[in-house]
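Biologist: Please take a close look at the charged side chains of this model, and describe how they are placed and paired. I should also like to know how that part sits within the chain as a whole.

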Amino acid sequence: QVQLVESGGGLVQAGGSLRLSCAASGTIFSSYTMGWYRQAPGKQRELVATITTGGSINYADSVKGRFTISRDNAKNTVYLQMNRLTPEDTAFYYCNIKRTTWARTYDYWGQGTQVTVSS
């Protein structure tokens with residue numbers, strides 16, 4: 001059974017930093033694209049950043065230059081370093097892993113962690 005457990009969320013003042021972690025178990029982590037998504041109250045879930053098995057990275061325009069995604073396959077963990085946080089970054093942040101084969105797509109989500117940025 002695949003499990004993803006996020007940690008590192010919390011309350012921070014604008015301009016501050018947080019580092020989110022997502023630990024995976026129950027699968028071969030290195031074969032998945034990893035990603036972070038977020039959902040603010042009343043809004044749809046949106047992509048924050050993804051990192052492929054080959055290390056290619058994609059960021060949402062709103063976080064470019066402030067957030068950094070990284071992965072440690074040996075620890076089955078993906079990280080999101082968030083700097084220069086603003087109140088607009090307040091949301092529930094979700095970890096996602098995804099792998100597509102010829103037969104099916106494997107798509108798993110964590111329970112999420114709250115990030116609140118005060119002004």
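Modeller: Arg 66 and Asp 89 are both buried, in what is a predicted model. The side chains of these two residues meet in a salt bridge, with N and O 2.7 Å apart. This pair links distant parts of the chain: Arg 66 belongs to the loop between strand E6 (57-59) and E7, whereas Asp 89 belongs to the loop between E8 and E9, with 23 residues separating the two. For Asp 89, the relative accessible area is 1%, and the cut-off for a buried residue is under 20%.

Asp 89 also takes part in a salt bridge with Arg 38, in which the closest N and O atoms are 2.9 Å apart. Because Arg 38 lies in strand E4 (residues 33-39) and Asp 89 in the loop between strand E8 (77-82) and strand E9 (91-100), this pair ties together parts that are 51 residues apart in sequence. Arg 38 is buried as well, with a relative accessible area of 6%. The arrangement extends to a further acidic residue, since a network of salt bridges links Arg 38, Glu 46, Arg 66 and Asp 89. In general terms, side chains of opposite charge can pair when their charged atoms come close.

The whole structure contains four salt bridges. One of them joins Lys 64 to Asp 61, with 3.1 Å between the closest N and O atoms. Here the surroundings may be stated for each partner: Lys 64 is partly exposed, at a relative accessible area of 48%, and Asp 61 counts as exposed at 65%.

Glu 6 presents another case, as this residue is buried yet has no salt bridge. The nearest side chain of opposite charge is that of Arg 45, at a distance of 7.7 Å; a salt bridge would require a nitrogen within 4 Å of a carboxyl oxygen, so this pair does not qualify. What the side chain of Glu 6 does reach is backbone: the nitrogen of Cys 95 lies at 2.8 Å, and the backbone nitrogen of Gln 111 is 3.1 Å from a polar atom of the Glu 6 side chain. Glu 6 itself is part of strand E1 (residues 3-7). Leaving aside residues up to four places away in sequence, Glu 6 touches ten listed neighbours, among them Ser 21, Cys 22, Trp 36, Tyr 93 and Tyr 94. The glycines Gly 110 and Gly 112 also touch Glu 6, as does Thr 113.

Two loop residues deserve mention for their backbone angles. Arg 84, in the loop between E8 and E9, has a phi near 50°, a positive value in a residue other than glycine. At 49% relative accessibility, Arg 84 counts as partly exposed. Asn 76, in the loop between E7 and E8, likewise has a positive phi, of about 55°, although it is not a glycine. The relative accessible area of Asn 76 is 23%, which places this residue in the partly exposed class.

Strand E7 (residues 67-72) includes Ser 70, a partly exposed residue with a relative accessible area of 30%. Apart from residues up to four places away in sequence, Ser 70 touches Ile 51, Thr 77, Val 78 and Tyr 79.

With regard to the chain as a whole, there are eleven strands and zero helices. The radius of gyration is 14 Å, close to the 14 Å that the globule rule gives for 119 residues, so the chain is as compact as a globular protein of that length. Along the principal axes, the C-alpha atoms fill a box of roughly 45 × 25 × 25 Å. Of the 119 residues, 40% are buried. Among contacts with a separation of 6 or more, 54% are between residues 24 or more positions apart. The chain exposes about 6,400 Å², of which carbon and sulfur atoms supply 47%.

Key. Residues numbered from 1 in each chain as written. Predicted model: local features only at pLDDT ≥ 70, side-chain atom pairs only at ≥ 80, totals over all residues. Heavy atoms only, no water. Helix = DSSP H or I, 4+ residues; strand = E, 2+ residues; numbered from the N terminus. Buried < 20%, exposed > 50% of the residue type's maximum accessible area, 1.4 Å probe, protein only. Lys, Arg positive; Asp, Glu negative; His and termini not counted. Polar contact = N/O pair within 3.5 Å; in protein donor to acceptor, adjacent residues only side chain to side chain. Contact = heavy atoms within 4.5 Å. Rg over C-alpha atoms; globule rule 2.2 N^0.38 Å. Areas by Shrake-Rupley, 256 points an atom, 1.4 Å probe, with all protein chains shown as cover.
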